[in-house]
Amino acid sequence: MTADRKALDVAHDLGRLLLGHHSRYRDGRLQDLVTDLLRDQHHRRGWIVDAVNGSLLFRQKLAYALRLEPRRLWSKAAFPLRAAAVTTTPRPLSLLCPTRNRVDNLNAFLRSVQRTAAAPGRIEVLCYVDEDDPALSQYRELFDRARWRYGAIGRCALHVGPPIGVAAAWNQLAEHAGGDFLLMANDDQLYVDYGWDVALDRRAGELAELHGDDVLCLYFDAAQYPEGGCDFPIVSRSWYETLGYFVPTIFQQWEVEKWVFDLAQRLGRLYPVPKVFVEHRHYQDYKAPFDDTYQRHRMTRGKSIADHALFLRTEHRRVAEVDKLAARTARGGHGDRRAKEPPEPLAEPLAGRARRHYRALIDALHAGGQPRAAADCAELAVRQGLWATALHRPAEFHRELPVHTDYDPADFWFTAQLTAQHEAIVRELRAAPDGGRLRPEGGQGAGTARIELYRDGTWTPPAEALPVLRGVLDKIPEALLFPGATVELLLHHPPTREPASCGPSNAYLRVEFGLIVAAGSGIRVGERTGTWPSGGCLIFDDGLERQRWHQGHGPNAVLAFRVPHPDR
């Protein structure tokens, strides 16, 4: 082949791919061409994919700026009017997202969830990453920082395992999910419309009146599929538990969602959640760059044809699965649904007295080394309507207040004041008198020393050794000027693990400032586990269960106080 002929072929391939920006020129042959070029990535034609990907990234950013972000802002502005008609109880949701070598994509997906969910604290995002993923260390770093970047989301969890395929990964994540609804997710998705979670609540509430069994399959639909198709199924827990799986694993990829939607359509339980737009940045629509992940899982017509042939041959299996679901719906009905409704909540102040007794019993069980019995007791109180969840059990309970495991410290003006004086506070802490308990190097045995520095409107004697600390907090009226305000210094000496406990009231937020953060120390708040930022704050709902430990070396020192809840 002459040089001119080779150059002509390269120019033809580049032009063919660039023409794909127009939907008219996208077909199966274009897909085959990309597959061939990806396999030739390191040879003479490899640069073509890089060039086309550059144009795709520009198109992606332009679409976000001109189409997606304006829609998000508009939907957020209109949300209060839509939300006013919602009377259903918010339900926990689980987003299941396999991902591979796309850390930036996943980061954008998590950001979109946090920015568009009206109540992100009841959402968990579970992600599966292959143990041979070349970006595994980057994924771990992302999830290590997820509590700071995406603290409004109730839970972000990373599951690492062998390369089992996308469908099996979805099922693996479903086994660990705790939501009432399981939502199929991908790292090439972006949630766009604000309040999509409330729209799902509203639709689920409407269908609960129609079907008492809660066997449902839904999907978000804002006419993003002009041909009327569905994408990314959402199934109820009753659906999942009846079948025993989230998606079938017999396909290579293509027919997985079609299987779920086919079952729902045959059963008569396929429903859209209208007016919710979720952007699917699919390579076939020229909304995302072509990469090795698409090549690994999707990008061959042969796989597509084989999967479709298998789908047609397995109609009898789908009929059998529909029979299972139909049997579940036959056992359901409004009578069963009413039986599952929670009891009427106790009237105050009787409920308040019950919460105080339950709280004392649960704390005693934790202190006695019986966490399972404590959890069972907490679940019983939840079933009796005293609390909404077993991990949030303040004696003084305000149902109307939102619950967040993490607040962004940057949203509170006083955190900058603490950080600015961090080193000075640590110096005076280390210089405390040798005979006092304030000095972390003072030979304390294993365990936690709780030292009250402020109580009953005044500083205590141990605080006399800490003038810098007192000076900073004296300038933070939120911390001191309310009835019952306290300031504590927590000194952890390894090895120690405190029993789990909750604060007395969710009308306040707990602020824990990391003075001396030792390796091996940590804290669990609700279901989220991490440690204190050195010279920074953790801020969370004081009614949440928390547990601290220190299994490393050297002392660990944390300053703790409360501030009024900003939404009260």
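# Close-up views of a predicted model

**View 1. Helix H8, with the length expected of its residues.** Helix H8 covers residues 196–210, and at 1.5 Å a residue its 15 residues should span 21 Å; the C-alpha atoms at its ends are 21 Å apart, so expectation and model agree. The model shown here and in the views below is predicted. Buried residues of H8 include Trp196, Asp197, Val198, Ala199 and Leu200. Further along H8, Asp201, Arg203, Ala204, Gly205 and Leu207 are buried too.

**View 2. The largest nonpolar core.** This core has 39 residues. Leu95, Leu183, Trp196 and Phe220 have the most contacts inside it. Helices H4 (103–116), H5 (136–144) and H8 each supply at least two of its residues, and so do strands E1 (93–98), E2 (123–130), E4 (181–184), E6 (217–221) and E8 (270–274). A second, separate core has 38 residues, among them Phe412, Val487, Leu509 and Ile539. In soluble globular proteins, nonpolar side chains tend to be buried together.

**View 3. Surroundings of phenylalanine 220.** Leaving aside neighbours within four places in sequence, phenylalanine 220 is in contact with Leu183, Tyr191, Trp196 and Leu200. Its other contacts on that count are Ile234, Val273, Val276 and Val278. Leu183 and Trp196 are also among the residues with the most contacts inside the largest core.

**View 4. Glutamate 498 and arginine 548.** Glutamate 498 sits in the loop between strand E13 (496–497) and strand E14 (501–502). Its relative accessible area is 9%, under the 20% limit, so glutamate 498 counts as buried. The side chains of glutamate 498 and arginine 548 make a polar contact of 2.8 Å. Not counting residues up to four places away in sequence, glutamate 498 touches Thr448, Arg450, His492 and Gln547 as well as Arg548.

**View 5. Arginine 72 in helix H3.** Helix H3 (residues 46–83) holds arginine 72, which is buried at 9% relative accessibility. A polar contact of 2.8 Å joins the side chain of arginine 72 to that of glutamate 69. When residues up to four places away in sequence are not counted, arginine 72 touches Arg115, Thr116, Val192 and Tyr194.

**View 6. Packing of helices H18 and H19.** The axes of H18 (residues 422–430) and H19 (residues 467–474) are 8 Å apart, at an angle of about 140°. Because 140° falls short of the roughly antiparallel range, which is over 145, H18 is oblique to H19. Ala424, Ile425 and Glu428 of H18 meet Pro467, Val468 and Leu469 of H19.

**View 7. Alanine 326 beside leucine 267.** Alanine 326 belongs to helix H13 (residues 315–331) and is partly exposed, at 30% relative accessibility. Although 59 residues separate alanine 326 from leucine 267 in sequence, their C-alpha atoms are 6.9 Å apart.

**View 8. Backbone geometry in three loops.** Most residues other than glycine have a negative phi, and most peptide bonds are trans. In the loop between E1 and H4, asparagine 101 has a positive phi, near 55°; asparagine 101 is partly exposed, with a relative accessible area of 38%. Aspartate 456, in the loop between strand E10 (447–455) and strand E11 (458–459), has a positive phi of about 55° and is exposed at 69% relative accessibility. Proline 495 lies in the loop between strand E12 (487–493) and E13. The peptide bond from proline 494 to proline 495 is cis, with omega near -10°.

Terms used: Residues numbered from 1 in each chain as written. Predicted model: local features only at pLDDT ≥ 70, side-chain atom pairs only at ≥ 80, totals over all residues. Heavy atoms only, no water. Helix = DSSP H or I, 4+ residues; strand = E, 2+ residues; numbered from the N terminus. Expected span 1.5 Å × (residues − 1). Buried < 20%, exposed > 50% of the residue type's maximum accessible area, 1.4 Å probe, protein only. Core = buried A, V, L, I, M, F, W, Y, C linked by side-chain atoms within 4.5 Å. Contact = heavy atoms within 4.5 Å. Polar contact = N/O pair within 3.5 Å; in protein donor to acceptor, adjacent residues only side chain to side chain. Axes fitted to C-alpha atoms, helices over the stretch in contact; angles between N-to-C directions. Parallel < 35°, antiparallel > 145°, perpendicular 65-115°, else oblique.
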